[in-house]
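Colleague: I am new to this structure and would like to start with one spot rather than everything at once. Please choose a single residue, look closely at its surroundings, and then show me the wider setting.

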Amino acid sequence: MPILLASCTNQSKQDTQTQQTSRPMDSIATDYVKLVLQLGNYDADYVDAYYGPEEWRPAPLDSTKKQFPADTFRTQISGLMSQLAEIESTQLAEADKGRYTSLQKQLIAVQAEIDKLSGKTLTFDQEAKAFYDATPPTYTEAHFQGLIAELDKALPGKGDITTRLNKFKESFIIPKEKLDTVFKAAIAEARKRTLQHIKLPANENFTVEYVTNKSWSGYNWYKGNSYSLIQVNTDLPIYIDRAIDLACHEGYPGHHVYNALMEKHLVRDKGWVEFSVYPLFSPQSLIAEGSANYGIDVAFPGNERIAFEKNVLFPLAGLDPAKVESYYQIQDLTKGLSYAGNEAARQYLDGKINKEAAVNWMVKYALMAPERATQRIGFIEKYRSYVINYNLGQDMVASFIEKKGGTTANPQKRWTLFEELLSQPHVPSQLQ
């Protein structure tokens with residue numbers, strides 16, 4: 001009995017201590033949400049989603065009063081950082097430690113947003129670290145030249161490789177009149193596969209829209225209550241592989257699932273209000289984009305993707321199923337070239353090359369057609385170092401899950417670890 005009494009007493013003390021440290025975190029979290037929403041009045045892209053109390057939304061600014069009150073916001077963020085630093089994090093329960101670290105990194109990103117809106121210029125790498133808690137690798141031209149040389153051997157024809165690659169891909173474009181049919185088939189299959197492994201709220205739902213004049217190819221606008229608006233940009237031709245890519249990335253098990261799980265487990269079950277707002281330029285985005293890209297392989301591993309496309313999507317799109325294998329052989333050889341976009345962004349945003357040179361770099365090393373390269377540089381101009389979240393984010397998420405045993409040889413464990421990543425607070429530096 002004395003041992004049991006001591007155990008109960010210790011547990012009671014620990015519970016009391018956790019409650020005492022949670023209360024100031026609740027207060028910090030509330031003020032953090034309100035601060036993010038206020039900053040959203042000065043940067044239209046900043047608040048990607050919000051489903052907290054309506055009364056916390058600030059009134060829209062008068063167009064004549066748009067001058068950024070830098071000193072006011074700096075005082076607020078400094079105060080929140082100081083309050084968080086006063087909490088003895090080592091005494092927190094494990095779940096609360098994750099919350100503490102997440103808040104800490106999110107506040108650093110808010111400070112970077114305030115600096116940005118104040119006119120402070122950071123280098124590409126400095127910005128990536130401040131906003132996304134990650135340091136992007138640097139690759140030389142020789143690195144991409146080596147990848148291109150391997151692709152050159154496999155690609156049919158002779159002559160300029162960018163021209164040849166884009167010519168090869170022309171026969172894999174989804175006709176516009178069949179796009180909705182193909183995309184809905186892809187997202188239905190992605191949803192079915194996801195629900196076999198992840199329990200989602202019963203009311204989860206989404207709507208698909210086709211839009212134009214955007215710098216991105218697809219976007220998930222999470223509205224709360226397990227509902228998403230998924231938009232697909234049709235400015236440029238959409239290749240057949242993008243059907244599954246977008247279905248998984250924007251929907252299942254990507255952004256829609258990530259947001260729905262966070263809302264359920266963190267906001268509704270735990271009452272952690274900081275997760276009711278999603279500031280786009282924050283560590284949360286590396287987890288979101290990285291897991292959304294990695295989720296493609298989780299839902300459609302290896303030859304399962306090729307089989308589904310060959311049997312379902314290629315016929316629906318009116319494409320030749322016999323060409324599936326050759327298409328994905330080429331696609332696999334181009335994956336490493338995604339980092340060429342990061343290098344273009346680094347050089348362009350750091351002022352080392354101009355826009356024309358950045359477009360030319362994308363044509364030469366990412367092997368993009370000029371119109372796609374121009375669109376991509378437009379994305380970089382708008383979202384800056386955000387580009388690292390797709391490729392570096394995917395690589396970091398993959399490494400994190402696979403080191404824990406979530407490999408292709410153990411798909412169930414991979415799904416379990418994937419769901420845990422989406423349901424609990426993590427920061428990018430913890431994935432390394």
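Modeller: Helices here are DSSP runs of H or I with at least four residues, strands are E runs with at least two, and both are numbered from the N terminus. With that in hand, let us start at Ile 187, which lies in helix H7. Please keep in mind that this is a predicted model, where local features need pLDDT of at least 70 and side-chain atom pairs count only at pLDDT 80 or more, while totals for chains, interfaces and linings use all residues. Residues are numbered from 1 along each chain as its sequence is written, and side-chain values use heavy atoms, leaving out hydrogens and water.

Is Ile 187 buried or exposed? Its relative accessibility is 3%, so Ile 187 counts as buried (buried is under 20% relative accessible area, exposed over 50%, partly exposed in between, with a 1.4 Å probe and protein chains only). Who are its neighbours? Setting aside residues within four places in sequence, Ile 187 is in contact with Phe 206, Ile 230, Ala 247 and Tyr 252 (contact means heavy atoms within 4.5 Å). For a sense of distance, Arg 372 is 185 residues from Ile 187 in sequence, and their C-alpha atoms are 24 Å apart in space.

Two of those neighbours lead somewhere interesting. Tyr 252 is joined to Pro 253 by a cis peptide bond, with omega near 5 degrees. You will find Pro 253 in the loop between helix H8 (241-251) and helix H9 (255-268). Most residues other than glycine have a negative phi, and most peptide bonds are trans.

Now follow helix H7 itself. This helix spans residues 179-195 and lies across strands S2 and S4, running at about 150 degrees to S2 (axes are lines fitted to C-alpha atoms, for helices over the stretch in contact, with angles from 0 to 180 degrees between N-to-C directions). Those strands belong to an open sheet of three, ordered S2-S4-S3, with mixed pairing (two strands pair if DSSP finds at least two bridges between them). Strand S2 (205-211) and strand S3 (218-224) are the edges, each pairing on one side only. On average, neighbouring strands in this sheet are turned by 20 degrees against each other, direction ignored.

Look at S2 beside strand S4 (residues 227-233): the two run parallel and are joined by seven bridges. One place to check this is Val 211, whose bridge partner in S4 is Asn 233. Further along, the loop between S2 and S3 holds Asn 213. Asn 213 is no glycine, yet its phi is positive, at about 60 degrees. With a relative accessible area of 69%, Asn 213 is exposed.

Other places share that backbone feature. Arg 384 is also not a glycine and has a positive phi of about 55 degrees. Arg 384 sits in the loop between helices H15 and H16, and its relative accessibility of 24% makes it partly exposed. Asp 133, just after helix H4, takes a positive phi of about 60 degrees.

Helix H4 (residues 124-132) is worth a glance too: its buried residues are Phe 124, Glu 127, Ala 128, Ala 130, Phe 131 and Tyr 132. Their cover includes helix H3 (94-117), helix H10 (283-299), helix H13 (339-349), helix H15 (370-383) and helix H16 (388-403). In helix H13 you will meet Glu 343, which is buried, with a relative accessible area of 4%. Not counting residues up to four places away in sequence, Glu 343 touches Pro 137, Thr 138, Tyr 139, Phe 144 and Trp 361.

Finally, step back to the whole protein chain, which has 17 helices and five strands. Buried residues make up 51% of its 432 residues. Its largest nonpolar core contains 134 residues, and Tyr 32, Val 110, Ile 240, Leu 313 and Ile 388 have the most contacts inside it. Helix H1 (residues 2-39) gives the most to this core, with eight residues. Such a core is a set of buried Ala, Val, Leu, Ile, Met, Phe, Trp, Tyr and Cys residues joined through side-chain atoms within 4.5 Å. Val 110 touches Tyr 32, Leu 35, Val 36, Leu 39, Tyr 46 and Ile 77, with residues up to four places away in sequence not counted. As for the outline, the C-alpha atoms fill a box of roughly 80 × 55 × 40 Å along the principal axes.
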